[in-house]
Amino acid sequence: MCRKTICELFAGVGGFRLGLEHSSKDWKTVWFSQWEPGKKNQWAHDCYVKHFGDVDEFTGIDISLVDKNRIPNHNLLVGGFPCQDYSVAHSLNGEKGIEGKKGVLWWQIRDTLIAKKTPFVLLENVDRLLKSPSKQRGRDFGIILACFAELGYCVEWRVVNAAEYGAAQRRRRTFIFAYSNKTHYAGNFKNLDAESLLSTSGFFATAFPIMQKEKIESCSIDYSDIQKISDTFAFSFKNAGFMKDGQIYTTEVTAKSENPIPLKNLVESDVAENFYLTTSLEKFKYLKGAKKIERTAKTGFKYTFSEGPVAFPDSLELPARTMLTSEATVNRSTHVIQDPVTKRLRLITPLEAERIQGFDDNWTNTGMPQKFRYFCMGNALVVPMITRMGNVLNKIFDEE
């Protein structure tokens with residue numbers, strides 16, 4: 001059995017760690033990193049430490065300043081990294097090869113993999129990662145896949161709607177699972193075709209069963225020239241796929257859906273008065289309603305901006321919509337529900353936000369201001385989805 005050791009980058013308030021530990025108490029996190037740029041108070045880092053304890057003085061600083069060689073050895077690297085511009089440019093000194101843009105966190109993951117040669121990787125990103133940027137669809141994800149291939153990894157990915165797999169939120173996120181070609185797990189798939197891997201046998205097909213899939217499309221990527229990929233590569237990635245040795249296979253899959261958790265199962269029964277809508281009610285009605293607005297571009301071109309309505313109030317019979325960091329502000333995306341006891345309209349509470357994401361009650365009730373409790377949950381991932389993947393990882397590691 002392979003030791004279950006984790007390094008958690010961009011850790012937030014610990015969703016990856018919590019989800020994996022729910023799947024098995026054998027997981028041991030040897031190092032983590034959480035730092036919010038431009039924030040005087042590092043509330044997420046402090047919340048993480050309150051629950052799990054700290055490791056060293058480097059866990060709460062800019063990850064780009066951390067010597068990756070000093071990170072403890074680990075068998076699984078996890079992290080929820082942001083969707084950014086992953087394009088690269090030639091360095092001023094040609095001998096140094098390519099350089100990614102400063103502040104783009106993918107390169108910190110790559111640097112960690114180079115330094116530590118981690119055998120398994122599990123990452124999370126927004127669903128639009130597969131189609132970014134708009135002017136060169138698929139380039140950013142192509143760069144990521146090329147980096148993995150260059151370092152000797154196979155990669156699977158899947159866009160998962162958490163509500164389709166029994167969660168309380170219709171949150172769509174791209175998950176990426178990579179594993180070194182040197183692992184026993186990679187050897188298991190040496191002669192397996194993409195059809196079987198994507199349908200039944202692969203990591204995501206096991207964790208998130210599918211009902212059907214469309215025709216598999218493929219292309220190859222020259223991972224020896226990441227600069228060229230940055231300049232010219234474009235491909236229509238679907239919501240599921242697999243890459244090995246630069247050969248990409250992708251298809252659109254339909255989830256074998258499970259019953260989600262409706263909001264009515266999560267709401268509190270006795271809520272403070274400050275959560276109820278008063279002066280902001282009309283503003284919410286406007287923001288959530290359908291509208292057509294004539295606008296003028298900087299060039300002088302006039303166009304009509306239009307958007308459809310958002311449910312107002314949100315149905316308690318359905319799982320929540322995707323929660324954003326702006327939750328509980330006067331915003332189109334903010335959830336507004338009719339309290340089942342008072343029948344008045346109100347915001348969801350921080351505890352309800354935690355339940356929607358699958359965290360333990362009052363997980364963020366660690367001294368941070370209320371608005372940051374919502375912010376942290378908007379940044380978090382759906383913990384039960386990590387537990388599902390953890391259950392598959394447990395079997396992989398037991399056989400490794």
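I'll start with one pair of residues: in β8, the bridge partner of W157 is I176. This is a predicted model, so read each position that way.

That pair belongs to a longer contact. Strands β7 and β8 are antiparallel to each other, paired over nine bridges. On the other side of the discussion is β11: β7, residues 153–161, and β11, residues 240–244, also pair in the antiparallel sense, over four bridges. There, V155 stands opposite M243 of β11. As general background, strands of a sheet pair through backbone hydrogen bonds, either parallel or antiparallel.

Now the whole sheet. It is open, it has nine strands, and the order is β2-β1-β3-β6-β8-β7-β11-β12-β10, with mixed pairing. The edges are β2, at 28–32, and β10, at 217–220, and each of those pairs on one side only. From one strand to the next, the twist averages 20°.

Back to β7. Is this strand mostly covered or mostly open? Nine of its nine residues are buried, so to speak of β7 as mostly covered is fair. Both faces are covered. Y153, V155, W157, V159 and N161 are buried on one side, and C154, E156, R158 and V160 are buried on the other.

Which helix lies across this part of the sheet? Helix α4, residues 139–150, lies across β6 (120–126), β7, β8 (172–180), β11 and β12 (247–251). Its direction is about 145° to that of β7.

Next, a helix with a one-sided pattern. In α9, residues 281–288, the buried residues are F284, L287 and K288. They cover an arc of only 85° around the axis, and therefore sit on the same side of α9. The general reason is that an α-helix has 3.6 residues a turn, so residues three or four places apart point the same way. What do the buried residues of α9 pack against? The partners are β14 (291–296), β15 (302–307), β16 (336–338) and β17 (345–347).

Now the empty space. The structure has three cavities of 30 Å³ or more, and the largest of them has a volume of about 50 Å³. Its lining consists of E124, V160, A162, R171, R173, F175, L381, V382 and M385. V160 has already come up, as one of the buried residues of β7.

The largest pocket is a separate item, with about 1,000 Å³ of space. Its lining has 50 residues, and F10, E36, G80, P82 and N379 lie nearest the centre. Which elements supply at least two residues each to that lining? They include α1 (15–23), α2 (43–52), β6 and α11 (370–379). The largest share, five residues, comes from α11.

One last residue, D46, has its place in helix α2. Buried or exposed? D46 falls in between: with a relative accessible area of 43%, this residue is partly exposed. How far is D46 from A162, which lines the largest cavity? Their C-alpha atoms are separated by 27 Å, and the two residues are 116 apart along the chain.

Technical notes. Residues numbered from 1 in each chain as written. Predicted model: local features only at pLDDT ≥ 70, side-chain atom pairs only at ≥ 80, totals over all residues. Heavy atoms only, no water. Pairing = 2+ DSSP bridges. Axes fitted to C-alpha atoms, helices over the stretch in contact; angles between N-to-C directions. Contact = heavy atoms within 4.5 Å. Buried < 20%, exposed > 50% of the residue type's maximum accessible area, 1.4 Å probe, protein only. Arc of directions from axis to C-beta. 1 Å grid on protein atoms, 1.4 Å probe; cavity = no way out; pocket = protein on both sides within 12 Å on 5 of 7 lines; lining within 4 Å. Points joined across faces, edges and corners; volume = space filled by probe spheres on them.
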